[in-house]
Amino acid sequence: MIRNRSIMLFLAGAMLGLAIGPGNAFAGEAVEGTAKADKLEQCVEPTPVMRRNHFEFIKHQRDLTVHQGIRGSKHSLAGCIDCHARKDASGKAVPVNAQGQFCAGCHEYVAASLDCFSCHSAVPGEK
Amino acid sequence: MSRTEQQGRRVFLKKTATAAAVAIAPGVMLHALPAAAAPRVEAVSGKIRWGMLIDASKCADGCSDCVTACDKENGLDLVDMPAGAEEALWERQRPRWIRQVKLKDNLSGKITNLPMMCQHCEKPPCVDVCPTGASFRRADGIVMVDRHICIGCRYCMMACPYKARSFIHAEVAEKLTHTPRGKGCVESCNLCVHRLDNGESTTACQDACKHQAIVFGDLNDPESAVSRALKKYPSVQIRADLKLNTGIRYSNV
Ligand code: SF4
Ligand code: SF4
């Protein structure tokens with residue numbers, strides 16, 4: 001638990017560091033400003049809260065969804081992806097775990113492995 | 001039907017949904033969504049028990065529409081054969097939530113076809129044997145695997161009397177948002193749980209069956225189509241001797 005705490009703090013610090021650093025150098029073919037989130041003021045929680053606690057939120061939510069069928073909650077991994085995936089020049093969604101993209105950007109920097117997408121889709125779902 | 005066509009049809013359904021069923025052609029009825037279809041915000045409860053009645057006499061020889069629809073709905077058609085695998089072996093081991101089963105009576109030669117999937121047992125052996133708690137029965141009777149917890153030991157596959165479960169042997173490149181899927185987990189029919197949780201009331205196999213062999217609904221509601229059909233026609237549980245109280249019942253087997 002103590003170890004988790006310190007990793008959390010390190011993660012949060014690293015992300016803050018990233019945010020004030022130079023722009024995303026690894027954007028690849030994704031076009032800046034094409035994610036829904038790029039046009040919004042704030043995420044489902046204030047940004048510092050999301051930075052520190054996003055994994056707690058989606059971990060609780062995953063249990064509620066799988067075991068209790070709750071799919072209309074504020075916190076959801078599908079929601080993260082829907083909002084944060086950028087598009088390439090042709091309008092195709094770029095996976096959030098592609099190098100330098102929203103999830104991978106920080107996770108690569110802090111070397112925290114990102115396992116969600118070995119099972120979950122990393123692009124917005126078809127509606 | 002392609003995936004986009006199918007999606008299109010569901011959008012159409014959503015747009016035209018009324019309290020009653022929608023008739024798209026004489027004799028062809030599509031079950032409509034409840035007027036206020038929205039993602040669920042409250043936990044499922046035991047007030048509902050989802051189940052089915054399958055009329056084997058309506059299930060046509062050579063038809064596999066329900067299997068194709070299930071594959072599309074749940075992204076099973078996106079799972080590719082691993083490179084270098086043997087075709088015949090792949091056909092036997094590929095993930096499949098619903099299968100066509102052909103029965104032959106040796107005495108009379110009579111052939112019966114029926115779709116076989118997870119029977120959503122009230123007392124599921126797969127849940128009994130699971131060492132991690134990944135295999136579980138939801139309050140509304142749907143038996144599922146929590147992939148976050150599953151360790152891939154496959155005890156449940158051995159325990160299931162209906163051969164209902166599949167194992168994912170390799171990484172899967174493309175998956176659907178509502179059906180996550182990864183190497184090393186077991187999965188099986190979940191009665192299109194994502195549809196139910198989003199306020200819909202039909203399964204993909206039921207919608208796809210043009211012979212109307214599948215009636216789906218709430219077994220606890222005496223007024224539901226499935227309860228009324230169960231009351232009216234004789235039906236059986238497959239392997240009733242195991243006393244699992246299955247949610248899927250068959251008639252004319
Ligand atoms: S049919 Fe098999 S997988 Fe489904 S609940 Fe029963 S034992 Fe479990
Ligand atoms: S394979 Fe997964 S769901 Fe099945 S018994 Fe093992 S841990 Fe449980």
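Here is a short briefing on the cysteines, the ligand shell and one helix of this structure. Please keep in mind that the model is predicted. A search of the whole structure turns up zero disulfides over all chains, and helix α2 of chain B is mostly covered.

**Cysteines**
- Over all chains, the count of disulfides is zero.
- Cys43(A) takes part in no disulfide, and its nearest cysteine sulfur, that of Cys80(A), is 6.7 Å away; a disulfide would need the two sulfur atoms within 2.5 Å.
- Cys43(A) counts as partly exposed because its relative accessibility is 32%.
- Over in chain B, Cys209(B) is in no disulfide either, with the nearest cysteine sulfur, that of Cys63(B), 6.3 Å away.
- Cys209(B) has 14% relative accessibility and therefore counts as buried.

**Around ligand 1**
- The cysteines around ligand 1 include Cys118(B), Cys121(B), Cys126(B) and Cys160(B).
- Pro124(B), Pro125(B) and Pro161(B) are also among the residues around this ligand, as are Val143(B) and Tyr162(B).
- Gln119(B) and Arg165(B) belong to the shell too.
- Sorted by class, the shell holds nine nonpolar, one polar and one charged residues.

**Helix α2 of chain B**
- This helix spans residues 65–73, and seven of its nine residues are buried.
- Two cysteines, Cys66(B) and Cys70(B), are among the buried residues of α2(B), along with Val67(B) and Ala69(B).
- Asp71(B), Lys72(B) and Glu73(B) in α2(B) are buried as well.
- After α2(B) comes Gly75(B), which has a positive phi, near 70 degrees.

Terms used: Residues are numbered from 1 along each chain as its sequence is written. Chains are lettered from A and ligands numbered from 1 in the order in which they are written. This is a predicted model: local features need pLDDT of at least 70, side-chain atom pairs count only at pLDDT 80 or more; totals for chains, interfaces and linings use all residues. Side-chain values use heavy atoms; hydrogens and water are left out. Buried means under 20% relative accessible area, exposed over 50%, partly exposed in between (1.4 Å probe, protein chains only). A residue is near a molecule or strand if one of its heavy atoms lies within 4 Å of it. Ala, Val, Leu, Ile, Met, Phe, Trp, Tyr, Cys and Pro count as nonpolar, Asp, Glu, Lys and Arg as charged, and the others, Gly among them, as polar. Helices (H or I, at least four residues) and strands (E, at least two) are DSSP runs, numbered from the N terminus.
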